[in-house]
Amino acid sequence: MALYQAPSFEALERLSRSRDADLARRELVQPDRIRGRGAQTNRSGRFEPHQRDSFDDGWGSVEPLPLFETVEHIERAKTIITTNDSPDIGFERSINAYRGCEHGCSYCFARPTHAYLGHSAGVDFERDIYVKANAVEALRAELSAKSYRPKPIAMGTNTDPYQPAERTHKLTRGILEVMLETRHPVMITTKSALIVRDLDILTELAKLGLVKVAISVTSMDHKLSRKMEPRASSPARRLEAIRLLSEAGIPTAIFASPMIPAINDMELERILDAGKAQGAISASMILLRLPGEVRDVFREWLLRHFPDRVRHVLSLVRDTRGGKDYDARWGTRMTGEGPYATLLRQRFEKARERYGLDAKLPPLRIDLFESPKVDSPQLSLF
C-alpha cells in the first residue's frame, strides 16, 4: 500500500489526446484485477483524510496484488422506507434492500453514497455490498404503524433490487411477499432478468392493480453492454424479461437510460423498437448524469474503453449542462439543455409515438391496503 497524489483529470484528458495516452492508463488499476468491474480505480472516499491506492511502484512485488472480490456486509436497518420530496421524481417512497451494486455501471448516480460508509465510489461501490438482513421485518413494522397511509413504493431507485446478491438473500422477493399480503402498491426498476423468478408474486399483484415494472436497456450491442454494465443481464435476456412480464399481464415499460453522447445515443430508436416488439407499453429516457465522484469514475471508464472519444464525449456532456460536468437543478438534471439535449428529446418523442410507446403505465391502487399482522411480545389485555 503506497500513498500518492492522484493526477488531475484535466491532465488525464490532455494525455488521452497525446502520444502519451499509454502513460495515463498506467494510473488505472490493472485490468486483470478488476475483471467484471465498471470502475477503473478505487481511490479513498471523499471523507477520508488520505488518498490511498494499491499500485506497483516499480520495485517489484513479493506477490501479485489481489483481485477485487465481492464482500458482503450484513447490517440491520432501523427503517426501510425512504421518503423524498423531489418535484422531478415520480415517487415519494422507496425501498433499497442493498447498498452498493455489483452490476458495476460506471455512470451510476448512486456511487457517491458509498463515501458515507467510508468506501470508495469506485470499485468499492461494486464489491462492498451491504445487505439489510432485516429488510422484510422492518417493512412489516413500518406498514403496521397505525399512522401509516399507503402510497406506491418504488424499488430500484438507488441500487438494483435484483443484483447478484438477491439470488442468495432473496430480500426483494420477501418484500414483494409482504406487498402482496398487505395489498400494497409497488413499482420496480431493474436491469436484471432475475425479476422473472418472481413472476408468481408479480402476476398476483398485477391482477389487483398493484404493480408496474420498468426494464432498463442501455444498448443492444452485447459487447458494449458488457463494458457499460459488466455484471448486469445481457440485452437479450432483459428483452426476454419484458416479454415474459408482458405476457403475464404485468404493465411493463422500457427505459433507454442513460443515453450517453457518442456512446449509445445512436441506438435510441432501436432500443425502443425492440422493447415494443417484446410487449412494452411505455418508454422513458434519462440523459447521462455525472454528480460528484461519478464524473471521475466515468472519465476513467472512457479513458480505458474509448480513449479516442474522451474529449468528444465530455464536450457533448458539457454542452447539455451549461458548460459544466453536471447541473443538479430540478427539472433539467434528467433531460439536460441545449441543442444536443433538445435533439435527443425530439428523437425520443418521435420514436415513442412511432412505436406506440407514448402511453403511461396505469396508476396503482391504494384502496386495497391491509395492515400486516406483526407478532408482538406485548401481552393482550383481553
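**Strand β7 and its surroundings: reasoning from the model**

Visitor: What makes strand β7 count as largely enclosed by the rest of the structure?

Guide: Strand β7 covers residues 128-132, and five of its five residues are buried, so the strand is largely enclosed by the rest of the structure. This is a predicted model, and a residue is called buried if its relative accessible area is under 20%.

Visitor: How do you know that both faces of β7 are covered?

Guide: Asp 128, Tyr 130 and Lys 132 lie on one side of β7, and Ile 129 and Val 131 lie on the other. The residues of both sides are all buried, and both faces are therefore covered.

Visitor: What makes β3 and β7 a pair of strands?

Guide: Two strands pair if there are at least two bridges between them. Strand β3 (residues 71-75) is joined to β7 by five bridges, so the criterion of at least two is met. The two strands run parallel. Within this pairing, His 73 has Tyr 130 of β7 as its bridge partner, and Ile 74 stands opposite Val 131.

Visitor: How many bridges join strand β6 to β7, and how do the two strands run?

Guide: Two bridges join β6 (residues 98-99) to β7, and at least two are required, so these strands also pair. They run antiparallel. Tyr 98 has Val 131 of β7 as its bridge partner.

Visitor: Why is one side of β3 and of β6 left without a neighbour in the sheet?

Guide: The three strands form an open sheet with mixed pairing, in the order β3-β7-β6. Strands β3 and β6 stand at its edges with a single partner strand each, which is why one side of each has no neighbour in the sheet.

Visitor: What makes Arg 99 a charge that sits over the ring of Tyr 130?

Guide: The charged end of Arg 99 is 5.5 Å from the centre of the Tyr 130 ring. The distance limit is 6 Å, so 5.5 Å satisfies that part of the criterion. Arg 354 likewise lies over the face of Tyr 355, at 5.4 Å from the ring centre.

Visitor: How many disulfides does a search of the whole structure find?

Guide: The search finds zero disulfides. Cys 101 is in no disulfide, its nearest cysteine sulfur being that of Cys 105 at 6.3 Å. A disulfide requires sulfur atoms within 2.5 Å, so the separation of 6.3 Å does not qualify.

Visitor: Why is the sulfur of Cys 105 too far from that of Cys 108 for a bond?

Guide: The Cys 108 sulfur is the closest cysteine sulfur to that of Cys 105, yet the two are 6.1 Å apart. Set against the limit of 2.5 Å, this is too far for a bond. Cys 105 is buried, at a relative accessible area of 9%, and Cys 101 is buried at 7%.

Visitor: Why is the pair of Tyr 148 and Phe 369 called tilted?

Guide: The structure holds three aromatic pairs. In the pair of Tyr 148 and Phe 369, the ring centres are 5.6 Å apart and the planes meet at 50°. Planes under 30 degrees apart would be stacked and those over 60 edge-to-face, so 50° is tilted. Tyr 148 lies in the loop between α4 (135-143) and β8 (153-155), and Phe 369 in the segment after α13 (338-354), so the pair ties together parts that are 221 residues apart in sequence. Both Tyr 148 and Phe 369 are buried.

Visitor: What makes the aromatic pair of Phe 298 and Trp 301 stacked?

Guide: The planes of these rings are at 20°, with 5.8 Å from centre to centre. The angle is under 30 degrees and the distance is within 6.5 Å, so the pair counts as stacked. Phe 298 and Trp 301 are three residues apart in helix α11 (residues 294-305), which means that about one helical turn separates them. Both Phe 298 and Trp 301 are buried, and together with Phe 306 they form one aromatic cluster.

Visitor: Why does Ala 280 count as buried?

Guide: Its relative accessibility is 1%, which is under 20%, so Ala 280 counts as buried. Ala 280 belongs to the loop between α10 (268-277) and β12 (282-287). Beyond residues up to four places away in sequence, its contacts include Ile 242, Thr 252 and Leu 357. Ile 254 is 26 residues from Ala 280 in sequence, with 6.2 Å between the C-alpha atoms.

Key
Residues numbered from 1 in each chain as written. Predicted model: local features only at pLDDT ≥ 70, side-chain atom pairs only at ≥ 80, totals over all residues. Heavy atoms only, no water. Helix = DSSP H or I, 4+ residues; strand = E, 2+ residues; numbered from the N terminus. Buried < 20%, exposed > 50% of the residue type's maximum accessible area, 1.4 Å probe, protein only. Contact = heavy atoms within 4.5 Å. Phe/Tyr/Trp six-rings, centres within 6.5 Å; stacked < 30°, edge-to-face > 60°. Lys NZ or Arg CZ within 6 Å of the ring centre and 35° of its normal.
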